[in-house]
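Here are a few worked exercises to try with the model open beside you. Attempt each task on your own before reading the solution.

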Amino acid sequence: MISVAFQGEMGAFSEEALRQIWGDGADPVPQRTFDDVARAVAYADVDRGVLPVHNAIVGPIEPSLAAIAAYPSVSIVDETTVVIRPMLLALPGVTLAGITRVASHPAALGQCGRFLGTHPNIVIESAWDTAGAARDLMVSQDRTLAVIAGPGAALRYGLAILVDVIADRADNLTRFVAIAATPSDGR
């Protein structure tokens, strides 16, 4: 089993990417930022890392690309594409009518601009991670807050799906790369 750093909490889209690359052979290691992922790989705190580099809706994920460039010893060794299905999640029993705020990672918010634009009375809040926002909602039990995250986060944190399809486009794909401290086969 190899240790693999990813940005976010368990249930994040990045965890899905690492499962696509390594399956059950990976021990996921959550990190707060994209730079934390690249640093953990560069300093051999983990065996590999996975980072999103391009989304079909929002384009290049610049903080990820900057994190890779910041560590010359880090190389891209593999890649995968994940279908991103951002959903509006809330505590069980909450309805869309009761939501006053929505939180998520800026990239996820950017992928759902049309949906959010149809709800101008809802305040948009940036969060450090999609699954992290879901976890924080579960902990806070705030019945006026919804989050944008994926089905993995809904399941992991016991949240209800208020709206299933909220991405601006059906072909919402994100390209993820696997990184290692030295070139390898990526596995």
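**Exercise 1.** Decide whether Gln141 is buried, partly exposed or exposed, and find where Gln141 lies.

*Solution.* This is a predicted model, so take the numbers as computed from it. Start with the accessibility: Gln141 has a relative value of 46%. The partly exposed class runs between 20% and 50%, so Gln141 counts as partly exposed. Next, place the residue: Gln141 sits in the loop that links α6 and β9. Finally, check the backbone: phi of Gln141 is positive, about 60°, although the residue is not a glycine. Most residues other than glycine have a negative phi.

**Exercise 2.** What is the phi of Ala44, and is Ala44 buried or exposed?

*Solution.* First, the backbone: Ala44 has a positive phi of about 60° without being a glycine. Second, the location: the loop between α2 and β3 (48-55) holds Ala44. Third, the surface: the relative accessible area of Ala44 is 60%. Exposed means over 50%, so Ala44 is exposed.

**Exercise 3.** Describe how helix α2 and helix α3 are placed against each other, and sort the residues of their contact by type.

*Solution.* Begin with the axes. Those of α2 (residues 34-42) and α3 (residues 62-69) come within 8 Å and cross at roughly 25°. Angles under 35 degrees count as roughly parallel, so α2 is roughly parallel to α3. The crossing of α2 past α3 is right-handed. Now list the partners: α2 contributes Phe34, Asp35 and Ala38, which meet Pro63, Ser64, Ala67 and Ile68 of α3. Sorted by type, the residues of this contact are five nonpolar, one polar and one charged.

**Exercise 4.** Work out the strand order of the five-stranded open sheet and say which strands stand at the edges.

*Solution.* Read across the sheet: the order is β8-β7-β9-β6-β10, and the pairing is mixed. The edge strands are β8 (123-126) and β10; each has a single partner strand, so one side of each lacks a neighbour in the sheet. Ignoring direction, neighbouring strands are turned by 35° against each other on average. Look next at one pair: β7 (residues 101-104) and β8 run parallel and are joined by four bridges. In this pair, Ser104 stands opposite Ser126 of β8. Last, find the helix that packs on the sheet: α6 (residues 130-140) touches β6 (87-90), β7 and β9 (145-149), and the direction of α6 makes about 150° with that of β9.

**Exercise 5.** Is Val163 buried or exposed, and which residues does Val163 touch?

*Solution.* Locate the residue: Val163 belongs to strand β10 (residues 160-163). Buried means under 20% relative accessible area, and at 18% Val163 therefore counts as buried. Leaving out residues up to four places away in sequence, Val163 touches Met87, Leu88, Leu96 and Phe115. Compare sequence and space for one more pair: Val163 and Val53 are 110 residues apart in sequence, and their C-alpha atoms are 26 Å apart.

**Exercise 6.** How many residues separate Asp171 and Asn55 along the chain, and what is the separation of their C-alpha atoms?

*Solution.* Place Asp171 in the loop between β10 and β11 (173-180). Along the chain, Asp171 and Asn55 are 116 residues apart, while their C-alpha atoms are separated by 9.8 Å. To finish, classify the surface: Asp171 has 39% relative accessibility, so Asp171 counts as partly exposed.

Technical notes: Residues are numbered from 1 along each chain as its sequence is written. This is a predicted model: local features need pLDDT of at least 70, side-chain atom pairs count only at pLDDT 80 or more; totals for chains, interfaces and linings use all residues. Side-chain values use heavy atoms; hydrogens and water are left out. Axes are lines fitted to C-alpha atoms, for helices over the stretch in contact, and angles run from 0 to 180 degrees between N-to-C directions. Helices (H or I, at least four residues) and strands (E, at least two) are DSSP runs, numbered from the N terminus. Angles under 35 degrees count as roughly parallel, over 145 as roughly antiparallel, 65 to 115 as roughly perpendicular and the rest as oblique. A crossing is left-handed if the near helix is turned anticlockwise from the far one by less than a right angle, and right-handed if clockwise. Contact means heavy atoms within 4.5 Å. Ala, Val, Leu, Ile, Met, Phe, Trp, Tyr, Cys and Pro count as nonpolar, Asp, Glu, Lys and Arg as charged, and the others, Gly among them, as polar. Buried means under 20% relative accessible area, exposed over 50%, partly exposed in between (1.4 Å probe, protein chains only). Two strands pair if DSSP finds at least two bridges between them.
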